[in-house]
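Colleague: Could you walk me through how to read a few features of a protein model? I would like the general idea before each case.

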Amino acid sequence: MMAAPLALSPDGQLKLVIFDCDGVLVDSEETCCRISAEEARAAGMDVSDKNAVATFSGMALPSVKKIIEEKTGNQLPSDWIDATKKRFVAAMRQGVEAIDGVHAMLEDIRKLGLPVRVGSNSSCEEMEAKFQATKMTQYFENRIHSAQDMGIPKPRPDVYLYAAQQEGVNPANCVVLEDSNTGARAAVDAGMVCVLLRAKGEPVPEWPNLLVIHHLSEFAPLLQKTLLKQAEFHGV
């Protein structure tokens, strides 16, 4: 049996847009990675704030905990994840920035009539705080999914597969917008096409079903062009 065409193919059917959160919708990656680095240093791991993003980007807290314990040989307290999550949430409530162009992008996608969901390694509590701070709650109310809360963080594809299941669509009908290699791997392994938001000149994995954009302003036009081609192909 041949595989179904993917969501951005002219002969495919785009039915759902799934967003990562940090680095795609809100600019909280640096803050969360800095807090992770502070926690790591407190446990005896040698990592600077400067290298925090490179070390912890895209990771759920269980993965951060595992790395710290492996690097230091020290066992972190059983409540470490919950305590660090509270630090994240407090930092988000104090202020977090939206990614440049995100509100215009979300409005354009809403006009296209495409449903949206979020699949993130952040907890639902963290995401709710981030979306409240950046005035995005209206777009994602009851439509956020946490790989951390599921206990199966990216790069495992489970959170994206669950989002598709909740929408009632097949993975092949989904497009994922990601910014990290960890998340992109999860999307590709879920059988979805992934659009990677990445600055010009930065390396990009050579994986199948992976496209690259450099600014959020490119995303909605890409989806609109896809929908027009698919309507033409299917005679709609």
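Colleague: Let us begin with helix packing. At what angle do helix H3 (residues 61–72) and helix H4 (residues 80–94) pack, and how far apart are their axes?

Modeller: Happy to help, and please keep in mind that this is a predicted model. The general idea is that two packed helices are described by the angle between their axes and the distance between the axes. Here, H3 and H4 pack at about 120 degrees, and their axes lie 10 Å apart. An angle over 115 but not over 145 degrees falls outside the perpendicular and antiparallel ranges, so H3 and H4 are oblique to each other. Their crossing is right-handed.

Colleague: Which residues of H3 and H4 meet?

Modeller: From H3 come Leu61, Pro62, Val64, Lys65 and Ile68, and they meet Trp80, Ile81, Thr84, Lys85 and Phe88 of H4. By class, the residues of this contact between H3 and H4 divide into 7 nonpolar, 1 polar and 2 charged.

Colleague: H4 also packs with H1. What is the angle there, and which residues are in contact?

Modeller: The angle between H1 and H4 is about 140 degrees, with the axes 10 Å apart. H1 and H4 are therefore oblique to each other, and H1 passes H4 in a right-handed crossing. On the H1 side the contact uses Thr31, Cys32, Ile35, Ser36, Glu38 and Glu39, while H4 brings Trp80, Thr84, Arg87, Phe88, Ala91 and Met92. Sorted by class, the contact of H1 with H4 has 6 nonpolar, 3 polar and 3 charged residues.

Colleague: And how do helix H5 (residues 102–111) and helix H11 (residues 219–234) lie, roughly parallel or oblique?

Modeller: Their axes come within 9 Å and cross at roughly 15 degrees. The cut-off for roughly parallel is under 35 degrees, so H5 and H11 are roughly parallel to each other. The crossing of H5 and H11 is right-handed. Met105, Asp108 and Ile109 in H5 meet Phe219, Ala220 and Leu223 in H11, a contact with 5 nonpolar residues, no polar ones and 1 charged.

Colleague: Let us turn to empty space. How many cavities of 30 Å³ or more does the structure hold, and how much space lies in the largest cavity?

Modeller: A cavity is a space where a probe fits but cannot get out, whereas a pocket is open. The structure holds 1 cavity of 30 Å³ or more, and the space in the largest cavity is about 240 Å³. Its lining has 25 residues, of which Asp22, Glu29, Gly58, Met59 and Ser122 are the closest to the centre. Helix H1 (29–42), H3, helix H6 (124–133) and helix H10 (181–189) are the elements that each give two or more residues to this lining. H1 provides the largest share, 4 residues. By class, the lining of the largest cavity has 8 nonpolar, 9 polar and 8 charged residues.

Colleague: Which residues line the largest pocket?

Modeller: The lining consists of Gly23, Ile99, Asp100, Asp179, Leu197, Arg198, Ala199, Glu202, His214, His215 and Leu216. They enclose about 270 Å³ of space, and by class they comprise 4 nonpolar, 3 polar and 4 charged residues.

Colleague: Last topic, the backbone. Which peptide bond is cis, and which residue has a positive phi although it is not a glycine?

Modeller: In general, most residues other than glycine have a negative phi, and most peptide bonds are trans. In this model, the peptide bond from Lys154 to Pro155 is cis, with omega near 20 degrees. Pro155 sits in the loop between helix H8 (147–150) and helix H9 (158–167). The positive phi belongs to Asn142, at about 65 degrees. You will find Asn142 in the loop between helix H7 (137–140) and strand S5 (144–146).

How values were computed
Residues numbered from 1 in each chain as written. Predicted model: local features only at pLDDT ≥ 70, side-chain atom pairs only at ≥ 80, totals over all residues. Heavy atoms only, no water. 1 Å grid on protein atoms, 1.4 Å probe; cavity = no way out; pocket = protein on both sides within 12 Å on 5 of 7 lines; lining within 4 Å. Points joined across faces, edges and corners; volume = space filled by probe spheres on them. Nonpolar A, V, L, I, M, F, W, Y, C, P; charged D, E, K, R; others polar. Axes fitted to C-alpha atoms, helices over the stretch in contact; angles between N-to-C directions. Parallel < 35°, antiparallel > 145°, perpendicular 65-115°, else oblique. Left-handed = near helix turned anticlockwise from the far one by under 90°. Contact = heavy atoms within 4.5 Å.
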